[in-house]
Amino acid sequence: MATATTLKLSREITQKIREHGAQSYPHECCGALLGHDAEETNAVTTAGGVSAPVREILALFPLVNRREDSLHNRFSVNAEDVRDSEKAARDKGLDVVGWYHSHPDHPARPSQYDREHAWPWYSYIIVSVAKGKAQEMTSWRLSDDRSEYACEEITMRDSAAR
Amino acid sequence: MGVKVIIPTPLRAYAGKRDSTEVKATTVGEALGRLTTEFSDLRKHLFTDDGKLRSFVNVYVNDEDIRYLAKENTPTKDGDTISIVPSIAGGNRLACCSC
């Protein structure tokens, strides 16, 4: 069973992800989520009464989709981009805590391919883009044993991005 | 002194929260074998069920990608640094999961 987790991000960051998805349509966009895991004392309590760890997203690092084919339903971030993202995060005193990508004309639900290629610990945001307009946004995290890809609660933070 | 192995952030929870460790090994394959013996929870994230390195796991010896060297047979010596770097992939079709 995956731990219930909560992802906290500002409306500004949410908007940037949605815009990146819309601009990249009909191709998939992708980028890194920069932030940190909040201290336990900041943990919120979910509706079920269970304490849920909170992860804050404080900046984005948009990337170029490295796929050379199937850009409409695949994205790829190569190791060099991962290293660049980690450097951008370090420069801001943050970590790469996850990745975002869009699903053009497809729901914001992970695919089997998403799950097979996921790493544990990272948060994976998916934004659905229908006919060029950003729609639903969800976030997902792979369980420790790779058996479950559970959705994370997304909450809004008021302060601006770094 | 051995071979230093840098562990990527998403896998540190499975390696005693360490960002690196040292192993005695003469090849990359041996180093990864010793690493996953010491931290057995790492194995399923680095290797497929049939023991092959997962396609989105990139391994470098002193910044050289082992795909362009001798892959897992790439020799290592004391003082070398092995970096495990993720690549990230995904896409739509065939939804697998729901909230």
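**Strand pairing in chain B and its contact with chain A**

Strand β1 (residues 3–6) of chain B forms an antiparallel pair with strand β2 (residues 20–23) of chain B, joined by four bridges. The model is predicted. The points below follow β1(B) and its pairing partners, and then turn to the contact between chains A and B.

**Strand β1 of chain B and its partners**

- Within the antiparallel pair, B:T21 of β2(B) is the bridge partner of B:V5.
- β1(B) also pairs with strand β5 (residues 81–86) of chain B; these strands run parallel and are joined by three bridges.
- In β5(B), the residue opposite B:I6 is B:S83.

**The two faces of β1(B)**

- In a regular strand, side chains point alternately to one face of the sheet and the other.
- On β1(B), the covered face carries B:V3 and B:V5, while B:K4 and B:I6 lie on the uncovered face.
- B:V5, the bridge partner of B:T21, thus belongs to the covered face, whereas B:I6, opposite B:S83, belongs to the uncovered face.

**The contact between chains A and B**

- Chain A contributes 33 residues to the contact and chain B contributes 22 residues.
- On the side of chain A that touches chain B, two or more residues come from each of β6 (75–77), α2 (79–91), β7 (95–104), α3 (112–117) and β10 (149–157) of chain A.
- That side of chain A comprises 16 nonpolar, nine polar and eight charged residues.

**Strand pairing between the chains**

- β6(A) and strand β6 (residues 88–90) of chain B run antiparallel and are joined by three bridges.
- A:V77 is placed opposite B:I88 of β6(B).

Definitions and conventions:
Residues numbered from 1 in each chain as written. Chains lettered and ligands numbered in written order. Predicted model: local features only at pLDDT ≥ 70, side-chain atom pairs only at ≥ 80, totals over all residues. Buried ≥ 20, exposed ≤ 12 C-beta atoms within 10 Å, placed from the backbone. Pairing = 2+ DSSP bridges. Contact = placed C-beta atoms within 7 Å. Nonpolar A, V, L, I, M, F, W, Y, C, P; charged D, E, K, R; others polar.
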